[in-house]
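Me: Could you take a close look at one part of this for me? I'd like to get a feel for the second chain, and then for how its partner is put together around it.

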Amino acid sequence: MTATDTHQTDIHKSIDAVWRIESARIIAGLARIVRDVGIAEELAQDSLVAALQQWPESGIPNNPGAWLMATGKHRAIDYLRRNKRLEQKHEIIGRELEERQDAAAEEIENAMDDDVGDDLLRLIFTACHPVLSAEARAALTLRLLGGLTTDEIARAFLTREATIAQRIVRAKRTLAEAEVPFEVPRGAEFTARLSSVLGVIYLIFNEGYTATAGDDWMRPELCHDALRLGRILAELTPNESEVHGLVALMEIQASRLGARAGASGEPILLFDQNRALWDHLLIHRGFTALARAQRTAESPFLQSVGPYALQAAIAACHARAHTAAETDWARIVELYGMLAEVAPSPIVELNRAVAVGMASGPQAALEIVDELREEPAMQNYHLLWSVRGDLLVKLGRNEEARGEFERAGSLTENARERELMLARAYNCGGDAND
Amino acid sequence: MRFMMLMIPKGYEAAAPGTMPPAEHVAAMMKYNEQLTKAGVLLALDGLHPPSAGARVTFSGGKPTVTDGPFIEAKEVVGGYWMIQVKSKAEAIEWASRCPGLDSEVIEIRQVHEMSEFPPDVQEAAGRLKP
């Protein structure tokens, strides 16, 4: 490799790094001009191509973001002229001005905020629009806001590159055909749409969180991608409690990434994890974000925070305990009780049962779990049966427990989990003499 | 990937205890820190008191010796750090390049070790369970 070749590689790495930092903002700014995220991305890519052509010669400009944005804007204006959309755009601007005059004073003030921040927020809400499927929202968000390539997204979600490419193309087309406006929703719609955005970010996080050793390294990277998106959103919407709640939850869960698998990749349950391997920097960040969630909620008391903040508070209880034995189970029971009120579900109830079992003994927990057996949604949920098995073991009812573990094993699709369930069934004893 | 960006301010090795940077420089740095925060890449940052307020421990055959600062032989000392989470060294370098550093300041970029990089025996020593 000659000196020139090395230089080329270095400059390309630098341009790549600049792109990772700037691309979302560029796409967002251009989308406001052309009113179409698909076109905006193409125009942004054109800017990147121009940079790749010019910067190796001229060097990276002092403000590369501004260079890319300016180049993109020229192309955007050209595009609009070519497509004779200029008049349409004037109509849209005219309507917007009228609407703004009608808007409340607070909204006008908000409209005068940092332009770049607003555009980025518009892009986030558009990529996460409910007209798209959950998968499409995730793929589009990772592409437009995460700056991931199609190949990276495919590897992260264990699918083919062509599948993701199609998914993204279709998503852009759906947004265009539905004429989804490039805007941040207001009022009651804002809360619902924000919930959708948080759902996308958490979906991405969970995809990374469930990655197992031996998987493509892009998968656990998803946790970091989701965390980054969450942190960005937290700065764009600093008064939204649930955004901080989600960030808190992700920071604390991510703190355990290094402790969740043994040396040969086998999963280690929370109670058995070596807490010295928990990342205390992330735990600290999680506590900080949780405090922000409480400060920005309607009242400082946890009763008024949303489900993400409550889940984060539960995770914080575990994070606070130096050993599993020191866990404040009574507090966790309380928090699950609050979670059951704001976001009731059989799974929350099951988790509450586990906590009740730790705080008050297995009999109390078994009563809750026995009722959950009636829930149709829980019939095929392997964890219900493994929790029941665990409680029965604690009550000395090993024979019954074995059946529950076997049932749990038959219901899980995960080979490692099945092994674990069958091992627990075996350990219940019981032989030909029973 | 995590990187530390170590701020090495020339002259800090001789700074008296309680030395504070000038207000405009602090303001410029705070704007930079805000950029890192808004980009979602900042994990932590801190400023350090000058070496004149600190101490050094050296070792000889397992026996420690404590020396109070300042350390006349030291030509470069750390004044502060940022820890960031990014996808590549090039990205860390790009961020460091955007710092409003003075002519007298150097930023050194160092990747942070992750547990997964270590061979199995080291990981075991750190406490992971044996298979």
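Reply: A quick definition before anything else: a residue is called buried if 20 or more other C-beta atoms lie within 10 Å of its own, exposed if 12 or fewer, and partly exposed in between. Keep in mind, too, that this is a predicted model.

With that in hand, start with chain B. Buried residues account for 19% of its 131 residues. Chain B has three helices and six strands, and reading from the N terminus the order is β-α-β-β-β-β-α-β-α. Its radius of gyration is 18 Å, whereas the globule rule gives 14 Å for 131 residues; that is well over the rule, so chain B is more spread out than a compact globule. The C-alpha trace tells you about its extents: about 55 × 45 × 20 Å along the principal axes. As for how the chain contacts itself, take the pairs at least 6 apart in sequence: 73% of those contacts join residues at least 24 apart.

Now for the place where the two chains meet. Chain A puts 22 residues into the contact and chain B puts in 23. On the chain A side, two elements give two or more residues each: α1 (3–34) and α11 (218–236). The largest share is from α1(A), with seven residues. Sorted by class, that side of chain A has ten nonpolar, six polar and six charged residues.

Hang on to α1(A), as it turns up again inside chain A. The largest nonpolar core has 124 residues, and α1(A) gives the largest share of this core, 13 residues. The members that touch the most other members are I27(A), L30(A), L123(A), I124(A) and A312(A). The core also takes at least three residues from each of domain 1 (7–112) and domain 2 (362–434) of chain A.

I27(A) is a good one to zoom in on. Leaving out residues up to four places away in sequence, I27(A) touches V37(A), A40(A), E41(A), A44(A), L123(A) and L144(A). One of these, L123(A), is also on that list of core members with the most contacts to other members.

For another kind of setting, try R407(A), which is in helix α19 (398–411) of chain A. R407(A) has 18 C-beta neighbours inside 10 Å, so it counts as partly exposed. If you want a distance to check on screen, the C-alpha atoms of R407(A) and E367(A) are separated by 19 Å, with the two residues 40 apart along the chain.

How values were computed
Residues numbered from 1 in each chain as written. Chains lettered and ligands numbered in written order. Predicted model: local features only at pLDDT ≥ 70, side-chain atom pairs only at ≥ 80, totals over all residues. Contact = placed C-beta atoms within 7 Å. Helix = DSSP H or I, 4+ residues; strand = E, 2+ residues; numbered from the N terminus. Nonpolar A, V, L, I, M, F, W, Y, C, P; charged D, E, K, R; others polar. Core = buried A, V, L, I, M, F, W, Y, C linked by C-beta atoms within 7 Å. Domains from an automatic or database assignment. Rg over C-alpha atoms; globule rule 2.2 N^0.38 Å.
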